[in-house]
Amino acid sequence: MIPYRRKPTYLPASQCPQSEHERLAMPQPIANFDGEGWHQPEPGYLAQMNQRGAVFMMGQNPNLPVMPERPQLLDFFHFRFTDITFRHLLQSAKHALDAGHNETVVIACLLHDIANGALLRSDHGYWGAQLIAPYVSEEVAWAVKYHQALRYFADEAAGFAYPDAYNQFFGPEFAPPEYLQQAHREARNHRWYMTSRLITIHDVYAFEDGVEVDPEIFTDLIGRNFRQPEEGLGFDNSPVAHMWRTMIWPNNFL
Ligand SMILES: [Fe+2]
Ligand SMILES: [Fe+2]
């Protein structure tokens, strides 16, 4: 239990859309590929639809916390991100803040892994950068995008060694693919290199269990560095609004 997570509320099934029907939530296609191979769940679900008159879920899932009508950034932290992501992002940002870094670095740390929180792990730096691009400075989105590649490459002079955890995660002989090597080369020569590098530096220390950070300490900093749309994330018609809506209603059939 993380004491700072807001208490979720749930909508009874009888008040959710399609409440007169049995509702089926089919996994997203990307989750059909796992260690066991390629699952194709459609025929089974279509059979349930035909046999039992069930429908495919659209809108609020009664088992997921209700989001506010106009969700803001921290609502996704509280009601959509996993505990590990919630804790990791807040610890990273707090660590950067305590080290005296500027707000650009702190907000970049706070946002760097949001794709892992509720959307996609694979290429998370790139997804994360896209999610935030309309709302943050170009430098912050750039730093989030490139932190993914920079995590694989030591820079002892800057104070970043290859993470021990990566030897465990991927095996000691793992070599990053060419596209990440190229991204690393690009980033090394970029004027914002250190912003992205600092994400990786404050990332290292941010997996501690039992160290809890109250997200409210970042409210003002978010206000200054993340342009929250008045209509709420997901409803502002921005080029990435659909990505936020996908996190709000991850079970939508289409
Ligand atoms: Fe990351
Ligand atoms: Fe991280």
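**Entry 1: donor spacing.** I began with the iron ion (ligand 2), whose donors follow the spacing H-x23-H-D-x89-D along the chain. I note that the model is predicted. I then located two of the donors: H88 belongs to helix α3 (residues 83–98) and D203 to helix α10 (residues 193–204), so this pair ties together parts that are 115 residues apart in sequence.

**Entry 2: coordination.** I looked up the donor atoms of the iron ion (ligand 2). H88 and H112 each contribute NE2, while D113 and D203 each contribute OD, at 2.0 to 2.2 Å.

**Entry 3: geometry.** I examined the angles among the four donor atoms of the iron ion (ligand 2) and recorded 78 to 169°, an irregular site. The site is not classed as tetrahedral because that class requires all angles to lie between 85 and 135 degrees. For reference, the ideal angle for four tetrahedral donors is 109.5 degrees.

**Entry 4: second ion.** Which residue coordinates both the iron ion (ligand 2) and the iron ion (ligand 1)? I found that D113 does so, and that the two ions are 3.6 Å apart.

**Entry 5: burial of donors.** I checked whether H88 and D203 are covered by protein. H88 has a relative accessible area of 3% and is therefore buried. D203 is likewise buried, at 3% relative accessibility.

**Entry 6: surface patch.** I turned next to the surface, where M58, F253 and L254 form a nonpolar patch with about 320 Å² of accessible area together. I placed L254 in the segment after α12 (241–248). Is L254 buried or exposed? Its relative accessible area is 81%, so I entered L254 as exposed.

Key:
Residues are numbered from 1 along each chain as its sequence is written. Chains are lettered from A and ligands numbered from 1 in the order in which they are written. This is a predicted model: local features need pLDDT of at least 70, side-chain atom pairs count only at pLDDT 80 or more; totals for chains, interfaces and linings use all residues. Side-chain values use heavy atoms; hydrogens and water are left out. Patches are made of residues with over 30% relative accessible area and no salt bridge: like charges are joined within 9 Å, nonpolar side chains (Val, Leu, Ile, Met, Phe, Trp, Tyr) within 5 Å. Accessible areas come from the Shrake-Rupley method with a 1.4 Å probe; for residues, only the protein chains shown count as cover. A salt bridge is a side-chain nitrogen of Lys or Arg within 4 Å of a carboxyl oxygen of Asp or Glu. Helices (H or I, at least four residues) and strands (E, at least two) are DSSP runs, numbered from the N terminus. Buried means under 20% relative accessible area, exposed over 50%, partly exposed in between (1.4 Å probe, protein chains only). Donors are N, O and S atoms within 2.8 Å of the metal (3.2 Å for Na, K and Ca); water is not among the atoms, so sites may look incomplete. Four donors count as tetrahedral if all angles lie between 85 and 135 degrees; four count as square planar and six as octahedral if opposite donors are over 155 degrees apart and all others between 65 and 115; anything else is irregular.
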